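Biologist: I would like a close look at a single part of this predicted model, with the reasoning kept close to the atoms. Please take one region and build outward from there.

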Amino acid sequence: MVDIAAIAERLDSAQLNASATPQLSEPLSVDDAYAVQAASMARRYSRGERRVGIKMGFTSRAKMAQMGVDEMIWGRLTDGMMVEDGDSISFARYVHPRVEPEIAFLLKDDLPGPVTMMAAAAALDGVAPALEIIDSRYENFKFSWTDVVADNSSSSGFVIGPWNDPRQDISNLGMLMEIDGAPRQIGSSAAILGNPLRSLVAAARLASAAGEPLRAGDVIMAGGATAAEALAVGNHVRLSVQGLGLVEFRVAE
Ligand code: OOG
Ligand code: MG
């Protein structure tokens with residue numbers, strides 16, 4: 001029997017103490033992996049954090065190739081992970097953070113899945129350029145597909161830029177992520193399942209299947225459009241998305 005609570009506690013402590021934990025010794029089933037995620041998130045909620053939405057992972061080939069996995073995952077986002085556009089994060093609070101360029105959605109209506117792309121688009125209040133700060137709690141940022149699911153899909157921070165009118169075609173927007181003024185990742189929103197809206201459709205389906213359907217006010221991160229980049233103290237990270245604007249943050253000690 002897998003000790004769900006013990007693994008959840010281990011991952012939660014690794015996050016709290018910003019110290020890496022070894023890879024899990026036994027493979028988890030998919031159900032057990034999501035049960036660990038739910039249990040570790042329950043610990044965060046009991047400390048006062050509030051769920052504000054979900055993040056999708058491995059929705060682009062570039063991300064799957066970088067991490068050696070080939071199936072989508074999802075994780076929970078809390079208010080404690082929110083970083084205001086333009087703010088600084090403290091490097092010391094992370095294990096080995098990376099950043100990746102994304103698109104974020106804001107819902108104006110509940111969105112129980114499964115849904116069509118049209119229904120998902122109609123439930124939107126806004127769409128924004130966004131940066132995700134991921135931080136695996138596992139040593140060397142190495143994990144199996146189920147281990148990363150257990151680790152809340154590496155969620156650790158997210159920065160959201162200006163909300164835009166969602167009634168526009170977001171299927172192929174140029175995305176440029178710069179670090180310290182130099183281009184580091186260049187891509188297109190099309191890298192996210194051909195259209196980031198498909199990631200929202202998948203989020204609605206997966207969240208409902210888990211008994212936590214998407215609700216009005218939720219933020220959904222569509223997943224990295226390119227590979228992630230390692231962060232270092234002093235970095236200034238900026239993403240511009242064609243037609244949607246800029247989002248940025250800095251890395252302090
Ligand atoms: C897992 C999280 C994946 C994405 O956008 O694909 C993810 C990881 O790469 O550590 O957030
Ligand atoms: Mg991501």
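How much space lies in the second largest pocket, and what surrounds that part of the structure?

Modeller: In this predicted model, about 220 Å³ of space lies in the second largest pocket. Of the 15 residues lining this pocket, those closest to its centre are Val-52, Met-82, Phe-158, Ile-160 and Val-219. Strand 1 (51-57), strand 3 and strand 7 (155-160) are the elements that give two or more residues to the lining, which by class holds eight nonpolar, one polar and six charged residues.

One of those central residues, Val-219, leads on to strand 5, since Val-219 in strand 10 is the bridge partner of Leu-106. Strand 5 and strand 10 (residues 219-221) pair in the antiparallel sense over three bridges. Strand 5 also runs antiparallel to strand 6 (residues 124-134), to which it is joined by 10 bridges, and there Pro-101 has Leu-131 as its bridge partner. A further antiparallel pairing, made by two bridges, joins strand 5 to strand 11 (residues 229-230), where Val-99 stands opposite Glu-229.

Strand 5 (residues 98-107) is largely enclosed by the rest of the structure, because 10 of its 10 residues are buried. In a regular strand the side chains alternate between the two faces of the sheet. Here Arg-98, Glu-100, Glu-102, Ala-104 and Leu-106 point one way from strand 5, while Val-99, Pro-101, Ile-103, Phe-105 and Leu-107 point the other way, and all of them are buried.

Two residues of the first of these sets, Glu-100 and Glu-102, also bind metal: together with Glu-132 they coordinate the magnesium ion (ligand 2) through OE atoms, at 1.9 to 2.0 Å. Along the sequence these donor residues follow the spacing E-x1-E-x29-E. Both Glu-100 and Glu-102 are buried, and Glu-132, with 0% relative accessibility, also counts as buried because that value is under 20%.

Glu-132 has a second partner besides the ion, for its side chain meets that of Lys-55 in a salt bridge (2.8 Å, N to O). This pair links distant parts of the chain, with Lys-55 in strand 1 and Glu-132 in strand 6, 77 residues apart. Lys-55 has 2% relative accessibility and therefore counts as buried.

Lys-55 and Glu-100 appear together again at the largest cavity, which has a volume of about 110 Å³. Of the 18 residues that line this cavity, Lys-55, Phe-58, Lys-63, Glu-100 and Ser-153 are the closest to its centre. Strand 1, helix 3 (61-67), strand 5 and strand 6 each supply at least two residues of the lining, and strand 1 gives the most, with three residues. By class, the lining of the largest cavity has eight nonpolar, five polar and five charged residues.

The count of cavities of 30 Å³ or more comes to two, and the second largest cavity has a volume of about 70 Å³. Its lining includes Leu-11, Asp-12, Gln-15, Arg-44 and Arg-137, and the elements giving two or more residues to that lining are helix 1 and helix 2 (30-46). The lining residues of the second largest cavity divide into three nonpolar, three polar and four charged. Two of the residues just named also take part in salt bridges: Arg-44 meets Glu-49 (3.0 Å, N to O), with both residues buried, and Asp-12 is linked with Glu-9, Arg-43 and Arg-47 in a network of salt bridges.

Gln-15 returns at the largest pocket, in which about 350 Å³ of space lies. Of the 22 residues lining the largest pocket, Gln-15, Gly-80, Arg-93, Tyr-94 and Ser-156 are the closest to its centre. Helix 1 (4-17), strand 3 (82-83) and strand 4 (88-90) each supply at least two residues of this lining, so strand 3 is named for the largest pocket as it is for the second largest pocket. The residues lining the largest pocket divide into nine nonpolar, five polar and eight charged.

Definitions and conventions
Residues numbered from 1 in each chain as written. Chains lettered and ligands numbered in written order. Predicted model: local features only at pLDDT ≥ 70, side-chain atom pairs only at ≥ 80, totals over all residues. Heavy atoms only, no water. Donors = N, O, S within 2.8 Å, 3.2 Å for Na, K, Ca; no water. Buried < 20%, exposed > 50% of the residue type's maximum accessible area, 1.4 Å probe, protein only. 1 Å grid on protein atoms, 1.4 Å probe; cavity = no way out; pocket = protein on both sides within 12 Å on 5 of 7 lines; lining within 4 Å. Points joined across faces, edges and corners; volume = space filled by probe spheres on them. Helix = DSSP H or I, 4+ residues; strand = E, 2+ residues; numbered from the N terminus. Nonpolar A, V, L, I, M, F, W, Y, C, P; charged D, E, K, R; others polar. Pairing = 2+ DSSP bridges. Salt bridge = Lys/Arg side-chain N within 4 Å of Asp/Glu carboxyl O.
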